[in-house]
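The following exercises concern the reading of a structural model. Please work through each task before turning to its solution.

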Amino acid sequence: MSRPTGRVLTLLELLQSGGTRTIADLAERLGVDGRTVRRYVDHLIDLDVPVEAVRGRYGGYRLGPGHRLPPLMLGEDEAVAVLLGLVAGRRTGLTTATATAGETAAAKIRRVLPRPLAARVDAVLEALAFTEPAGESAAPDAGILLTLADAVRHRRPVAIRYTDREGRRGDRTLHPQGVVAHAGRWYVTGRDPGIGEDRTFRLDRVADARLLPGSFEAIEGPDPARRVLSGFATAPYRHEVTLRIRGTAEQIRTRLPASVASVTALPGTGSPSPAPEPADAREPDRPEASDGPPWLRVEVRAERLDWLPPVLAALDLPFVVERPDELRELVVALADRFARRARRS
């Protein structure tokens, strides 16, 4: 590679670091004069790299938006970070592109790496193991994701075409508040202006998204991530479970996260005051206040109940089952099995 060509590529790398770079700074970094810097900039423009001139006392050059991605100059750490990000994104299901797009992007980066670095990156990928199974393939359409993100930023209403979990298709209007990645899936959450309620939609079930005229005011309340998690905890399911658990919210959240259960203070206690453990765990009356950890109300919605008794056992906190009776019976049955096995010699 000739020295001028190498300096042109170095100029591109400097501009890709961001911001406006003065001619004096670029000339010093490249070891040339200002006139040569301008000539190198002309070379980049001839290659369709969108370099913009910035006038004024602190003017110089910067990269502007273009119709295509200019050549990227990645350092060793940057190349490894991008490749590992692509691999991790595919494994967790949080990639926003199809599997083919992710694989071709990784292949392009690996193809231009220097051989020693490529060998080291291959060694990392071969040695890498994951403790969790690969995430489900539920990547959203990139165009839909970009449209919704633009609507969130500029507070624009959107019309979406959505298929619910029962397979019913319909058109919805949404005032989107945020895009949330959770457990290998992408969601958009916001307010449905037609019914005046918060709604959350899975992005992989959105077939089309279109910006609508006008704008909307920001909604007061929890951030988008909390809205999504609370929506999971309050969604309609076969069983509605109500518990009282004696402990802190932090202790309860170790086994019953916000996406599974809601935790609130008992009515009339405000910030929950301490309360004693009831003498009879089957008696649903609220315990009286005394010294000790607070009693909190925990509500869970679930399709099945058989997973809850082991979770309550793992919490190892005093609890009362208020409803349903079926859960109380499952807890007693689990306790009997534990007692029988503990007595075996």
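The exercises below treat the chain as a whole, then its internal space, then the confidence of the model, which is a predicted one.

**Exercise 1.** Describe the overall make-up of the chain.

*Solution.*
Step 1. The secondary structure consists of eleven helices and eleven strands.
Step 2. The chain has 345 residues, and 32% of them are buried, with under 20% relative accessible area as the cut-off.
Step 3. The accessible surface amounts to about 21,200 Å², and carbon and sulfur atoms contribute 50% of this area.
Step 4. Of the contacts between residues at least 6 apart in sequence, 63% link residues at least 24 apart.

**Exercise 2.** Determine how many cavities of 30 Å³ or more the chain contains, and characterise the lining of the largest cavity.

*Solution.*
Step 1. The count is one cavity of 30 Å³ or more.
Step 2. The volume of the largest cavity is about 30 Å³.
Step 3. Its lining is formed by Glu240, Val241, Thr242, Glu299, Val300, Arg301 and Arg323.
Step 4. Two elements, β8 (239-246) and β10 (295-302), each supply two or more of these lining residues.
Step 5. Sorted by class, the lining comprises four charged, two nonpolar and one polar residue.

**Exercise 3.** Assess the confidence of the prediction, and identify where the pLDDT is below 50.

*Solution.*
Step 1. The average pLDDT of the chain is 82, and 85% of the residues score at least 70.
Step 2. The pLDDT is below 50 over residues 270-289.
Step 3. In the model, this stretch nevertheless has 52 contacts beyond near neighbours in sequence.

Key
Residues are numbered from 1 along each chain as its sequence is written. This is a predicted model: local features need pLDDT of at least 70, side-chain atom pairs count only at pLDDT 80 or more; totals for chains, interfaces and linings use all residues. Side-chain values use heavy atoms; hydrogens and water are left out. Helices (H or I, at least four residues) and strands (E, at least two) are DSSP runs, numbered from the N terminus. Buried means under 20% relative accessible area, exposed over 50%, partly exposed in between (1.4 Å probe, protein chains only). Contact means heavy atoms within 4.5 Å. Accessible areas come from the Shrake-Rupley method with a 1.4 Å probe; for residues, only the protein chains shown count as cover. On a 1 Å grid over the protein atoms alone, a cavity is a set of points where a 1.4 Å probe fits but cannot get out, and a pocket is an open set with protein on both sides within 12 Å along at least five of seven lines; lining residues have an atom within 4 Å of a point. Grid points are joined across faces, edges and corners, and a volume is the space filled by probe spheres set on the points. Ala, Val, Leu, Ile, Met, Phe, Trp, Tyr, Cys and Pro count as nonpolar, Asp, Glu, Lys and Arg as charged, and the others, Gly among them, as polar. pLDDT is the predictor's confidence in each residue, from 0 to 100.
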